[in-house]
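Visitor: I would be grateful for a close look at a single part of this assembly, namely the place where the two chains meet. Please take me through it in some detail.

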Amino acid sequence: MRILAIIRQVLNAEESVRIKDGAVDFANATLVIDPMDEYGMEQALRMREAAEGIEVVALAVGPARCEAALRSALAMGADRAILVEADAPLDPIAMSSVVAQVAKAESVELIFCGGQQADWDSQALGAATAERLGWPQATWTNALSLDGTQLVGKHDVDSGSETFTVALPAVVTTQQGLNDPRYLTLPNIMKAKRKELRREALDSFNVKPKLKFLGAEVQVRARLRTMIEGKDAPAAAEQLVDLLRNQARVIS
Amino acid sequence: MILIVAEHIGGKLSKSAYELTEAARQLKREGPVTLIVLGNQVAAAATAAAALGDQVLVADMPALSEYDAEQWSAAVAQIAREGEANTILIAGSRSGREYSPRVAVKLDAPLIEDAISLHDAGAALQAEHYTFLSRVTERVEAEGPVVVVTVKPGSFAPAKPNTEPSEQYDVALELPQRRLTVTGQMKEKMERVSLTEADIVVSGGRGVGSAEGFAQLVEGLANQLGAAVGATRAVVDAGWRPYSEQVGQTGKTVQPKVYFAIGISGAVQHLSGMGKSKLIVAINKDADAPIFRETDYGVVGDVQQIVPAILRELQKAP
């Protein structure tokens with residue numbers, strides 16, 4: 001069986017976002033694998049370690065710089081990687097077409113995708129890919145195992161959470177709690193440099209963006225930043241409650 | 001027509017149905033504002049929907065008794081095709097955001113996710129939504145015979161019901177088999193105040209010390225204020241609180257009138273879930289905690305001392 005893990009390269013969450021010419025500026029920013037995608041990669045590796053005959057392929061669709069994220073995925077343990085080079089940004093619905101085409105060409109039976117991407121804040125890629133392939137999906141999965149040709153897991157829904165089973169092939173979107181992704185070790189980082197990373201051109205996929213990007217800005221809400229020294233707790237509490245009642249007027 | 005998928009629970013229309021109706025009324029798209037009610041024995045919800053839309057389409061069938069992404073997307077796409085919908089508005093709930101991409105693919109339509117504002121731009125639709133862990137406000141434009149939109153909860157005021165109810169029409173649907181088999185359900189405790197709709201949210205982080213500390217300080221203050229309770233990922237991971245209370249990137253997004261952050265350092269993933277709150281109050285012993293950069297009123301001190309003092313202060317008459 002072959003598992004495809006989608007790898008997206010995003011800004012490190014700890015860094016501040018800079019805007020240049022109406023778009024987020026990636027120059028000199030620290031870029032990392034989307035932490036959501038690490039859960040999927042880790043889960044794919046654990047499945048491979050628990051059964052015979054599983055190959056794990058990492059896929060990125062994006063600019064050439066995404067190679068770094070794929071090398072990290074290879075260092076985690078992916079068998080090989082595919083980079084579909086796309087210089088112009090694609091929205092999730094458009095990108096799902098590329099992912100689905102790769103999944104078909106590679107005869108993949110299981111796809112992992114992050115539950116919500118840290119750049120798009122989107123939850124669409126996994127579901128849209130599943131639709132294109134005619135597969136079922138399990139989203140926001142936080143426990144998963146493979147039982148023959150069936151997945152058994154747990155995921156979050158509107159009203160709480162539920163346990164489920166679903167037959168392969170399927171798309172699974174991941175979230176925290178699924179596992180603790182492994183750390184990269186130096187030997188594995190070295191080994192990853194020699195693993196196969198195949199580049200493909202976006203042209204061959206016949207995909208156009210569905211959404212037009214108009215602009216981006218960082219809207220910072222001006223905060224009052226009134227600080228109260230709390231060594232004297234009763235006095236601090238009195239001051240805070242007074243501010244809430246009489247300045248902000250948010251409590252009675 | 002403009003299609004609105006009206007969510008409902010326990011026979012009641014969800015708040016999102018009213019907000020989506022308001023969004024549809026503000027947009028001047030061609031055709032009637034049409035609410036769809038999907039489910040089993042949904043007469044009460046359909047009646048409520050009839051007070052909102054220009055017409056209501058009701059798919060009331062046993063097969064729809066439980067939500068399923070493949071069935072919901074098939075139903076919505078089928079109705080959209082037959083009614084030649086130009087706009088489909090779906091709540092930005094977990095389920096709405098799960099099946100809406102399938103609707104977009106079925107209709108070869110663009111998808112705008114989690115819109116906070118919507119504007120007509122000729123034949124196109126423009127929207128704002130948050131990206132980069134809610135730190136960036138992005139503007140996008142979608143054009144096509146039909147556009148699928150999910151709307152972030154709380155982004156539009158709830159629509160006022162019409163005085164005259166509109167017509168309800170039953171629709172027959174061809175539904176696919178559900179393939180994801182649900183083997184068990186763990187329902188969230190229905191809180192007195194819903195976390196995502198509450199005017200005041202009191203949240204706790206690791207700084208409250210323990211599950212007992214959380215109950216005493218965070219729940220104590222929430223009860224006093226009639227507020228909903230929230231938690232950080234660290235608190236949920238530690239098992240002190242249920243996942244349903246988590247606020248942040250992977251939990252819930254809240255934008256209450258007042259957000260109390262108790263013993264919360266302010267990781268960016270947490271800030272992305274509450275940074276749009278109108279007023280933020282933080283109590284933390286570390287003056288350098290990142291939360292204080294996003295704070296209106298900050299108290300630097302020991303939460304074990306400060307919170308009980310606040311409770312005593314609140315109990316005094318104003």
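Guide: In this predicted model, helix α4(A) passes α4(B) in a right-handed crossing. The helix of chain A spans residues 125-133, and its partner in chain B covers residues 94-106. Their axes lie 8 Å apart and form an angle of about 45°; the two helices are therefore oblique to each other. On the chain A side of this contact stand A:Ala127, A:Ala128, A:Glu131 and A:Arg132. Facing them from α4(B) are B:Glu98, B:Pro101, B:Arg102, B:Ala104, B:Val105 and B:Lys106. Sorted by class, the contact of the two helices holds five nonpolar and five charged residues, with no polar ones.

This helix pair belongs to a wider interface, in which 71 residues of chain A are in contact with 68 residues of chain B. Besides α4(A), the elements of chain A that give two or more residues to this side include α3 (92-105), β9 (137-147), β10 (150-157), β11 (160-167) and β14 (211-217). The greatest contribution comes from α6(A), with nine residues. Taken as a whole, the side of chain A that touches chain B comprises 35 nonpolar, 19 polar and 17 charged residues.

Strands also take part in joining the chains. β15(A), residues 226-229, is linked by four bridges to β17 of chain B, residues 297-300, and the two strands run parallel. Within this pairing, A:Thr226 is placed opposite B:Tyr297.

Technical notes. Residues are numbered from 1 along each chain as its sequence is written. Chains are lettered from A and ligands numbered from 1 in the order in which they are written. This is a predicted model: local features need pLDDT of at least 70, side-chain atom pairs count only at pLDDT 80 or more; totals for chains, interfaces and linings use all residues. Two residues are in contact if their C-beta atoms, placed from the backbone, lie within 7 Å. Ala, Val, Leu, Ile, Met, Phe, Trp, Tyr, Cys and Pro count as nonpolar, Asp, Glu, Lys and Arg as charged, and the others, Gly among them, as polar. Two strands pair if DSSP finds at least two bridges between them. Axes are lines fitted to C-alpha atoms, for helices over the stretch in contact, and angles run from 0 to 180 degrees between N-to-C directions. Angles under 35 degrees count as roughly parallel, over 145 as roughly antiparallel, 65 to 115 as roughly perpendicular and the rest as oblique. A crossing is left-handed if the near helix is turned anticlockwise from the far one by less than a right angle, and right-handed if clockwise.
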